[in-house]
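Here is a friendly walk through a protein model, meant to be read with the structure open beside you.

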Amino acid sequence: MRTPIEDLRKSVDSFADEMMGQLVANRGKGHWADCPSHFLIDELNKNLNYLAASVEEGDKDTVRRRAANVANFAMMIADNRDKQWGYDERDKQPTPQEAP
């Protein structure tokens, strides 16, 4: 029997694969480290609107792709800020598996 954490991990891993697929498909656009925050935020908002429209239309394949794009832009913003602010992996909160 699978645990709730295993179910969560399966969903996260599957979605992370979709995110990676979108990053690979768009790798020719350059690296997000070279993009200003306002551009990434505009792209996140634009993709969020596309996602909302896809949900309204009931297009499940497009919903998943658009959701991955939204998540990727959020990750890009966070990654750039982490590097700017000197984020240290030791500062991160434990995952559910690591928590006591």
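## Around N72

In this predicted model, N72 touches M19, Q22 and L23, once its neighbours within four places in sequence are left aside. N72 itself lies in helix α3. Is N72 buried or exposed? With a relative accessible area of 3%, N72 is buried, because anything under 20% falls in that class.

Another pairing to look at is N72 with L44. These two residues are 28 apart in sequence, and their C-alpha atoms are 8.4 Å apart in space.

## The chain as a whole

Stepping back, the chain has three helices and zero strands. Read from the N terminus, its elements run α-α-α. Helix α1 covers residues 4–25, while α2 spans 37–57 and α3 spans 60–85.

How many of the residues are buried? Of the 100 residues in the chain, 21% count as buried. The accessible surface comes to about 7600 Å², and carbon and sulfur atoms account for 56% of that area. If you take the contacts between residues at least 6 apart in sequence, 70% of them join residues at least 24 apart.

## Two more buried polar residues

N80 is another residue to find in helix α3. Its relative accessible area is 14%, so N80 counts as buried. Beyond its neighbours within four places in sequence, N80 is in contact with W32, A33, C35 and L40.

S54 sits in helix α2. Its relative accessible area is 5%, which means that S54 is buried too. Not counting residues up to four places away in sequence, S54 touches D59, T62, V63 and R66.

## Salt bridges

Side chains of opposite charge can pair when their charged atoms come close. How many salt bridges does the model hold? The count comes to three, with a nitrogen-to-oxygen cut-off of 4 Å.

One of them joins E18 and R64, whose closest N and O atoms are 3.6 Å apart. E18 lies in helix α1 and R64 in helix α3, so this pair ties together parts that are 46 residues apart in sequence. Both ends are partly exposed: E18 has a relative accessible area of 21%, and R64 has 32%.

A salt bridge also links R9 with D13, with 3.5 Å between the closest N and O atoms. Because R9 and D13 are four residues apart in helix α1, about one helical turn separates them. R9 is partly exposed at 38% relative accessible area, and D13 is partly exposed at 35%.

In helix α2, K46 and E43 are three residues apart, so they too are separated by about one helical turn. Their side chains meet in a salt bridge of 3.2 Å, N to O. Here the partners fall into separate classes: K46 is partly exposed at 35% relative accessibility, whereas E43 is buried, with a relative accessible area of 16%.

## The largest pocket

Rolling a probe the size of a water molecule over the atoms shows where empty space is left. In this model, the largest pocket holds about 460 Å³ of space. Its lining is made of 20 residues, and those closest to the pocket centre are L23, N26, K29, F73 and M76. You have met L23 already, as one of the contacts of N72.

Which elements give two or more residues to this lining? They are α1, α2 and α3. The largest share comes from α2, with six residues.

## A nonpolar patch on the surface

Finally, turn to the outside of the model. I5, L8 and V12 form a nonpolar patch on the surface, and together they have about 220 Å² of accessible area. V12 lies in helix α1. Its relative accessibility is 39%, so V12 counts as partly exposed. That value is also over the 30% that a residue needs to be part of a patch, which is why V12 can be included.

Definitions and conventions: Residues numbered from 1 in each chain as written. Predicted model: local features only at pLDDT ≥ 70, side-chain atom pairs only at ≥ 80, totals over all residues. Heavy atoms only, no water. Patch = residues over 30% accessible without salt bridge, like charges linked within 9 Å, V, L, I, M, F, W, Y side chains within 5 Å. Areas by Shrake-Rupley, 256 points an atom, 1.4 Å probe, with all protein chains shown as cover. Buried < 20%, exposed > 50% of the residue type's maximum accessible area, 1.4 Å probe, protein only. Contact = heavy atoms within 4.5 Å. 1 Å grid on protein atoms, 1.4 Å probe; cavity = no way out; pocket = protein on both sides within 12 Å on 5 of 7 lines; lining within 4 Å. Points joined across faces, edges and corners; volume = space filled by probe spheres on them.
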